[in-house]
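Student: Hi! Could you walk me through this one? I'd like to start with the rings and then move on to the strands.

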Amino acid sequence: QVQVLESGGGLVQAGGSLRLSCAASGNIFSINTMGWYRQAPGQQRELIAAITRDGSTAYADSVKGRFTISRDIAKNTVNLQMNSLKPEDTAVYYCNVHVVLFGQSSDYWGLGTQVTVSS
């Protein structure tokens, strides 16, 4: 089992910045990829950024150039620096931890943190 805890959401004006943090604990030795998803009201949850164990990153087109994901493997944390925020970035942001153990994959989620961007 892996426990996932997000922090850092809040209310910010358009053009502002926020930094989200996520800490994983428990059976952390098998963590592969860590990522951030978001879900706006009435919409599906979408992947916006991910980082592998070797540091490779991927971003959704909607956040590319504005958001930066980073990871501290020793601390089992992943951060999302969000700059130039737009009202359409408003959503609940979820941290995802992808574990591969003995050939089996599992996903663990945090409870989410609200990000609200006012115009």
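Student: How many aromatic pairs turn up in a search of the whole structure?

Tutor: One, in this predicted model. The pair is Tyr37 with Trp109, and the geometry is edge-to-face, with 4.8 Å centre to centre and 70 degrees between the planes.

Student: Okay, and which parts does that pair tie together?

Tutor: Tyr37 lies in strand β4 (residues 31-39) and Trp109 in strand β10 (residues 104-109), so the pair links parts that are 72 residues apart in sequence.

Student: How accessible are Tyr37 and Trp109?

Tutor: Tyr37 has 21% relative accessibility, so it counts as partly exposed, as the cut-off for buried is under 20%. Trp109 is partly exposed too, at 35%.

Student: What lies over the face of Trp109?

Tutor: That would be Arg45, at 4.7 Å from the ring centre. The charged end of Arg45 also sits over the ring of Tyr94, 3.7 Å from its centre.

Student: Nice. Switching to strands: which way do β1 and β3 run relative to each other, parallel or antiparallel?

Tutor: Antiparallel, with six bridges joining β1 (residues 2-7) to β3 (residues 18-26). As an example, Glu6 has Cys22 in β3 as its bridge partner.

Student: And what about β3 with β8, how many bridges there?

Tutor: Six bridges, and those strands run antiparallel; β8 covers residues 77-82. Ser21 stands opposite Asn79 of β8.

Student: Let's stay in β8. Is Val78 buried or exposed?

Tutor: Buried: Val78, which lies in β8, has a relative accessible area of 0%.

Student: What does Val78 touch, leaving out residues up to four places away in sequence?

Tutor: Quite a list: Leu20, Ser21, Cys22, Met34, Trp36, Ile51, Ile69, Ser70, Arg71 and Cys95.

Student: And how far is Val78 from Asn96 in space?

Tutor: They are 9.7 Å apart, C-alpha to C-alpha, with their positions 18 residues apart in sequence.

Student: Last topic, Leu111. Where is Leu111?

Tutor: Leu111 is in the loop between β10 and β11 (113-118). It is exposed, with a relative accessible area of 81%.

Student: Which residues is Leu111 in contact with, setting aside neighbours within four places in sequence?

Tutor: Glu6 and Tyr94. You've met both: Glu6 is the bridge partner of Cys22, and Tyr94 has the charged end of Arg45 over its ring.

Student: How far apart are Leu111 and Ser56?

Tutor: In space, 25 Å from C-alpha to C-alpha; in sequence, 55 residues.

Key
Residues numbered from 1 in each chain as written. Predicted model: local features only at pLDDT ≥ 70, side-chain atom pairs only at ≥ 80, totals over all residues. Heavy atoms only, no water. Pairing = 2+ DSSP bridges. Helix = DSSP H or I, 4+ residues; strand = E, 2+ residues; numbered from the N terminus. Buried < 20%, exposed > 50% of the residue type's maximum accessible area, 1.4 Å probe, protein only. Contact = heavy atoms within 4.5 Å. Phe/Tyr/Trp six-rings, centres within 6.5 Å; stacked < 30°, edge-to-face > 60°. Lys NZ or Arg CZ within 6 Å of the ring centre and 35° of its normal.
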